[in-house]
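Welcome! Let us take a short walk through a structure that may be new to you, stopping at a handful of places along the way.

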Amino acid sequence: MTFIIQKLIVGLLLILPLSLVSGPFLSDLSVILISIFLLIILFIKKKLSYLYKNIFFIFFLIWCLHLLISSFYSDYIRLSLESSLFYIRFGIFAVAIMYVFEFENELENKLSISIMITFSLIIIDAIFSFFYGFNSLGFEYENNRLSGFFGDEWVLGSYLIRLMPLILLINFKSKNYKTNFFIVILFLFIDITIALSGERSAFFLNIIVNLLLILLIPKFKKILIIKNFISIILLLLVFISFPEKRERLLDYTIEQMNLYGESKYIFSEQHHKHYLTGFKMFVNKPLIGHGPKTFRTVCNDDAYINLNGCSTHPHHTYIQLLSEAGLIGVIPIFIIFLTISYIFAKQLILFFVKGQYTYKSNFIIILICIYVTLFPITSTGNFFNNWLSVIYYLPVGIFLFYFKNNNYVYK
């Protein structure tokens, strides 16, 4: 019985990249089912201690309790509870991933292949849409922004850059030239598709991710250097052939930040106003915040409306957490970011000093995925968005597997 349920979890995990393309419903349903299946397995085996003795889950549970407290003290309790009440499912989801990785052989390879197949379909469809004005589902390409299968959700670039490092979990063999060639080609098209999507945050994060992969991971260094050299040439050709893409990604960004004017803005004037509103909300409730998902409503209150910075969320993870969850909510997240930054610095310094790496490649790949989520120098989506949360917590589960099995340091 438990064997069958375990295989169901594996199946849901392997189709998760495709479920995410369909939108938030199927991906969130997969998270719920995976979480329930894990609870059933642990109950049957009488191993619920797998959860309550897990250090990550204990701290995650405490953090979720804080979110609930923040919601109950919110002026908009019902709205806030929509995000906080069942947020614990993502913690259980991460532990479930750790669990199946322990028992399923070659799961890293299988997940990597699943992502590569999904990416190939997405990229072919997106490029077709770019040249013909519509994609295979009939969604039209408009407003100089490419979305492909995602329709009117402008998340194509975000989806690609956040899951892209997981492709490199594949069991790499230096003389497997067919695999090397396919990875180089796929990564080249990922770079081009992200640029064509017009998503500036994804374009910027793509640069950061590629730099981190080259600097911190030995096994893909040569092919990634070659790939990036070719990619720069291709992107220059894209910007020359389609100047509207250069204008959106570069010129428009400089214009919105008003770098040459008197008043400088963080990303844009509107982003700047969102951040001012979020910060003022934080000052008014510094410890527990106004409650998850409440920025969209609280920003309309008289105390903030004159800032003209209202939106569904402030478009920045840390500003959102400060305003909605307070210092207690944001400090653990920022500590995780600082810890990963320290690991990256240690990896890089040791390489330059001794010519060797401390942490294994797959471990660093997972940390890069998490780092992209927590990187503060970019605009972001809604931290409590269900669709984004699935992407956020997928690498967390794999991280827990490596950490628990002490499979992250070279010995």
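What follows is a tour of a few selected sites, from the surface to the interior.

Please keep in mind from the start that this is a predicted model.

**A nonpolar patch on the surface**

Our tour begins on the outside. A nonpolar surface patch of about 870 Å² is built from Met1, Ile32, Ile36, Leu39, Ile40, Phe43, Ile44, Leu48 and Tyr52. Which helix gives the largest share of this patch? That is helix H3, spanning residues 24-44, which supplies six residues. Ile40, one of the patch members, has its place in helix H3. With a relative accessible area of 32%, Ile40 is partly exposed, because that value falls between the 20% limit for buried and the 50% limit for exposed.

**Glu104 and its partners**

Next we come to a loop. Glu104 sits between helix H7 (88-103) and helix H8 (107-132). Is Glu104 buried or exposed? Its relative accessible area is 9%, so Glu104 counts as buried, the cut-off being under 20%. The side chain of Glu104 makes polar contacts with two lysine side chains: that of Lys7 at 3.0 Å and that of Lys110 at 3.1 Å. If we set aside neighbours within four places in sequence, the residues in contact with Glu104 are Gln6, Lys7, Val10 and Lys110.

**Ser136, out in the open**

Another loop, the one between H8 and H9, holds Ser136. At 54% relative accessibility, Ser136 is over the 50% cut-off and therefore counts as exposed. What does the side chain of Ser136 make a polar contact with? The partner is the side chain of Asp125, at 2.6 Å. Beyond neighbours within four places in sequence, Ser136 is in contact with Asp125 and Phe149. Ser136 can also be placed relative to Ala126: the two are ten residues apart in sequence, and their C-alpha atoms are 9.0 Å apart in space.

**An enclosed helix**

Helix H9 covers residues 156-163. Eight of its eight residues are buried, so H9 is largely enclosed by the rest of the structure. The buried residues are Leu156, Gly157, Ser158, Tyr159, Leu160, Ile161, Arg162 and Leu163.

**The disulfide and some cysteines**

How many disulfides does a search of the whole structure find? The search finds one, and it is formed by Cys299 and Cys310, with their sulfur atoms 1.8 Å apart. The link between Cys299 and Cys310 is right-handed, with 75 degrees about the S-S bond. The pair links distant parts of the chain, eleven residues apart: Cys299 is in the loop between helix H15 (295-298) and helix H16 (302-305), while Cys310 is in the loop between H16 and helix H17 (317-354). As a reminder, a disulfide is a covalent bond between the sulfur atoms of two cysteines.

The two partners fall into separate classes of burial: Cys299 is buried, whereas Cys310 is partly exposed. The table sets them beside two other cysteines, Cys64 and Cys369.

| Cysteine | Relative accessible area | Class |
|---|---|---|
| Cys64 | 6% | buried |
| Cys299 | 1% | buried |
| Cys310 | 28% | partly exposed |
| Cys369 | 2% | buried |

**Looking back**

Two of our stops make a handy pair to find again in the 3D view: Glu104 is buried in its loop, and Ser136 is exposed in its own.

How values were computed:
Residues numbered from 1 in each chain as written. Predicted model: local features only at pLDDT ≥ 70, side-chain atom pairs only at ≥ 80, totals over all residues. Heavy atoms only, no water. Patch = residues over 30% accessible without salt bridge, like charges linked within 9 Å, V, L, I, M, F, W, Y side chains within 5 Å. Areas by Shrake-Rupley, 256 points an atom, 1.4 Å probe, with all protein chains shown as cover. Salt bridge = Lys/Arg side-chain N within 4 Å of Asp/Glu carboxyl O. Helix = DSSP H or I, 4+ residues; strand = E, 2+ residues; numbered from the N terminus. Buried < 20%, exposed > 50% of the residue type's maximum accessible area, 1.4 Å probe, protein only. Polar contact = N/O pair within 3.5 Å; in protein donor to acceptor, adjacent residues only side chain to side chain. Contact = heavy atoms within 4.5 Å. Disulfide = S-S within 2.5 Å.
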